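Let's take a walk through a protein model together. Have the sequence and the 3D view open, and follow along at your own pace.

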Amino acid sequence: MPKSSKVTQREHSNEHVTESVADLLALEAPMDYKSSQMSMNMGGGGPPPIGKPDISPDLEDGRPAWNSKLEYILAQVGFSVGLGNVWRFPYLCQKNGGGAYLVPYFILLLLIGIPLFFLELAVGQRIRRGSIGVWNYVYPRLGGIGVSSLMVCGFVGLYYNVIIGWSIFYFFQSFQYPLPWSECPIRRNGSQATPSAGARTTILNIEVVEPECEKSSATTYFWYRETLNITSTIADSGGLNWRMTLSLLGAWIIVCLAVIKGIQSSGKVMYFSSLFPYVVLFCFLVRGMFLKGAVDGIAHMFTPKLEIMLEPQVWREAATQVFFALGLGFGGVIAFSSYNKRDNNCHFDAVLVSVINFLTSILATLVVFAVLGFKANILNEKCIVENAEKILGLLNSNVLSHDLIPPHVNFSHLTSSDYAEMYEVIKIVKEDTFSQLGLEQCLLEDELNKAVQGTGLAFIAFTEAMTHFPASPFWSVMFFFMLINLGLGSMIGTMTGITTPILDTFKIRKEILTVGCCIVAFFCGLLFVQRSGNYFVTMFDDYSAGLPLTIVVILENVSVAWIYGTKRFVQDLEDMLGFKPYRIYFYLWKYVSPVCLIVLITATVVEMAISPPGYNAWVQDLAVERFQSYPPWALAMCFALIIVAMLPLPLVFIARHFNWLPDGSNKLSVSYRKSLTKDTSNLEDETRFILGKNPSEAPSPMPSHRAYLGPGSTSPVELITNSTSISGYGSSYQTNPVPPKSES
């Protein structure tokens with residue numbers, strides 16, 4: 001029986017036996033899916049009855065359990081802390097006011113992040129099912145929430161693992177010195193030279209820098225040409241990129257091995273994949289602080305621009321980042337918590353994981369801007385040297401007078417302040433012709449203001465900075481190994497969000513399901529390893545998760561807070577946790593979070609409506625990115641991603657409203673049905689005892705019991721008297737009706 005079954009756990013309990021039977025009968029009463037299902041008293045009970053073996057309730061229902069609390073916390077941290085913490089959060093900080101961005105982010109973390117994270121942890125732990133089972137159980141007409149969540153997990157997992165594949169490719173490319181993206185490749189052209197009539201024609205080998213690389217940079221060229229070998233439009237597939245195909249295959253093999261045994265295997269992997277990124281981040285932070293310009297980068301990062309903080313766009317992007325940083329709506333949070341003990345303090349877990357996620361984002365931001373500050377300093381010095389040479393040329397050609405150069409300026413040791421002073425003098429004196437001189441101002445601030453995110457940060461900007469590190473291959477290996485582990489932690493949660501609901505619904509071997517999912521996903525993922533695959537990664541990232549996932553989470557919130565009832569949910573939490581959650585959660589779940597999510601959905605739809613759908617295409621001849629609109633077929637694909645992800649919501653609602661689809665809440669795992677059958681005799685014995693059918697069996701002295709807290713107001717004895725069958729999740733057994741007692 002589940003942990004809530006007090007019939008199988010009665011020996012030294014402080015509660016009256018009447019309550020335990022009433023609780024069980026309330027549990028097993030025929031359920032109407034038109035009303036909420038979660039009111040069953042699923043709290044813990046006492047020890048097993050005398051003569052019965054002491055079987056853990058969490059193992060009794062056949063559901064695996066975490067080996068330790070640490071393993072579970074690391075799994076939740078590994079799922080929530082992902083690539084977005086490293087390459088999305090720093091970009092948003094830079095774009096939205098530096099240190100001022102942390103204020104709206106932290107406020108929204110308290111208002112919607114922690115409450116909704118706590119909600120998902122609580123329902124998963126209490127109902128002990130994946131996303132499909134949980135929402136079928138809470139309110140079956142909204143059972144499509146779980147299916148939509150699973151589909152979004154599938155879409156995200158397809159392209160997310162491609163990013164891990166890219167990281168694997170860069171990881172193996174890092175085992176060489178110099179790094180292959182440190183310099184532009186040299187191309188040898190054969191040119192024909194004919195000196196004079198009658199002389200022999202000679203062929204000269206002329207070495208020239210690859211034009212595409214020369215127009216961009218070595219790291220940019222390596223990313224777009226050597227790694228992706230990208231086409232110029234999404235319509236030109238260009239065929240499969242075999243190196244990326246092998247990298248994707250390797251990524252799916254790693255993910256499959258990590259999750260093939262469920263939490264028994266993924267839990268062990270999490271000890272390394274969740275902790276190793278922190279080791280790397282701290283190493284990069286310590287190393288970065290000794291780099292020239294690192295302090296400039298960090299100071300630029302945390303200099304607050306308070307005027308930007310009040311803009312609505314800043315709050316919208318902060319809410320979106322909070323939403324996705326914690327993995328809300330994906331089903332991974334619910335799946336992981338469903339393997340917990342029922343009395344686990346999930347409120348503590350919610351706060352702990354949320355705080356760790358926030359602090360990790362700040363740590364990653366410090367690292368990123370320490371390194372980018374170093375890179376900006378190098379590029380600024382390079383700019384000063386190049387422009388100083390231009391000034392010397394202008395002086396030698398008498399375009400500029402030597403009197404314009406301050407006497408203390410030394411061109412062999414030119415500082416940024418000296419150059420700035422010289423630049424301002426020339427600009428004032430040569431005001432009319434200054435634009436023709438071709439001089440640049442070379443401000444460090446301009447370099448630091450160049451916002452970079454996503455793959456541009458990881459595979460171009462950060463990679464370029466590491467080429468200037470001493471022992472650069474070592475740091476490159478560490479960095480991309482960190483990205484692999486960050487991605488792996490998130491993929492384990494994503495895969496668990498897919499496999500757990502399916503395993504709860506269908507009788508299928510875990511290993512077969514996992515391998516099958518990974519094989520299917522690999523072949524679907526070939527779409528992203530074409531030469532045009534990066535454009536499809538952008539498409540899926542923009543359209544497959546954003547709006548559908550926000551709608552999923554607001555329906556989760558509404559189904560618990562408004563349909564099931566916040567008061568009842570808080571009471572359930574008190575029974576499960578042993579203490580009553582803070583009163584503030586009642587108002588956050590019922591009012592604040594739904595309003596915030598509605599505003600977020602509205603802002604997302606408006607943003608999608610006013611922003612033309614398109615992508616940044618790499619133009620090979622010009623070596624630059626240019627925005628291009630999606631062709632009609634690609635635009636249809638974008639909207640299809642949104643529709644397909646949300647389609648289960650109305651379909652399941654309509655099907656269950658008209659009784660076309662069975663009530664999903666009445667589906668139990670085979671092991672759970674066996675446990676129900678096994679304890680039938682116990683139930684009958686205690687029922688007879690309560691009704692006084694066997695007066696010879698006197699109970700041991702018990703303190704007075706508390707009031708019955710089951711669903712509705714029906715008394716326990718009425719439930720016993722009036723029920724002719726006891727059913728749960730569609731598995732039922734019959735009991736004989738009991739005639740009412742006489743009033744004598």
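**Helices that cross, and the spaces between**

Start with helix H16 (residues 312-325) and helix H27 (residues 584-610), which pack at an angle of about 110° with their axes 10 Å apart. Helices here are DSSP runs of H or I with at least four residues, strands are runs of E with at least two, and both are numbered from the N terminus. Axes are lines fitted to C-alpha atoms, for helices over the stretch in contact, and the angles run from 0 to 180 degrees between N-to-C directions. The angle makes H16 roughly perpendicular to H27; under 35 degrees counts as roughly parallel, over 145 as roughly antiparallel, 65 to 115 as roughly perpendicular, and the rest as oblique.

Before going on, please note that this is a predicted model, in which local features need pLDDT of at least 70 and side-chain atom pairs count only at pLDDT 80 or more, while totals for chains, interfaces and linings use all residues. Residues are numbered from 1 along each chain as its sequence is written, and side-chain values use heavy atoms, with hydrogens and water left out.

Back to our pair: the crossing of H16 and H27 is left-handed, a word used if the near helix is turned anticlockwise from the far one by less than a right angle, with right-handed used if it is clockwise. Which residues of H16 and H27 meet? From H16 come Gln313, Arg316, Ala319, Thr320 and Phe323, and from H27 come Leu597, Leu600, Ala603, Thr604 and Glu607, where contact means heavy atoms within 4.5 Å. By class, this contact of H16 with H27 has five nonpolar, three polar and two charged residues. Here Ala, Val, Leu, Ile, Met, Phe, Trp, Tyr, Cys and Pro count as nonpolar, Asp, Glu, Lys and Arg as charged, and the others, Gly among them, as polar.

Now look at H3 and H12, which pack at about 75° with their axes 9 Å apart. H3 and H12 are therefore roughly perpendicular to each other. Leu70, Glu71, Leu74, Ala75 and Gly78 of H3 make this contact with Ile263, Gly267, Lys268, Met270 and Tyr271 of H12. Six nonpolar, two polar and two charged residues take part in the contact of H3 with H12.

A third pair is helix H11 (residues 242-259) and H24, whose axes come within 10 Å and cross at roughly 165°. H11 and H24 are therefore roughly antiparallel to each other, and their crossing is right-handed. On the H11 side you will find Thr245, Leu248, Leu249, Trp252, Cys256 and Val259, and on the H24 side Thr514, Val515, Cys518, Ala521 and Phe522. The contact of H11 with H24 has nine nonpolar, two polar and no charged residues.

Next, the empty spaces. Rolling a probe the size of a water molecule over the atoms shows where empty space is left. On a 1 Å grid over the protein atoms alone, a cavity is a set of points where a 1.4 Å probe fits but cannot get out, a pocket is an open set with protein on both sides within 12 Å along at least five of seven lines, and lining residues have an atom within 4 Å of a point. The largest cavity holds about 110 Å³ of space. Residues from helix H12 (263-273), helix H23 (472-505) and helix H24 (510-524) help to line the largest cavity, each helix supplying at least two. H23 provides the largest share, four residues. The lining of the largest cavity has five nonpolar, six polar and one charged residues.

The second largest cavity has about 60 Å³ of space, and H23 gives the most to its lining as well, with three residues. Five nonpolar, five polar and no charged residues form that lining.

The second largest pocket contains about 660 Å³ of space. Its lining has 28 residues, of which Ser217, Thr219, Lys375, Leu379 and Glu464 lie nearest its centre. H18 gives the most to the lining of this pocket, with seven residues.

Finally, visit two loops. Proline 178 lies in the loop between helix H8 (144-173) and strand E1 (186-193), and the peptide bond from tyrosine 177 to proline 178 is cis, with omega near -5°. Alanine 471 sits in the loop between H22 and H23; its phi is near 55°, a positive value in a residue other than glycine.

How values were computed: Points joined across faces, edges and corners; volume = space filled by probe spheres on them.
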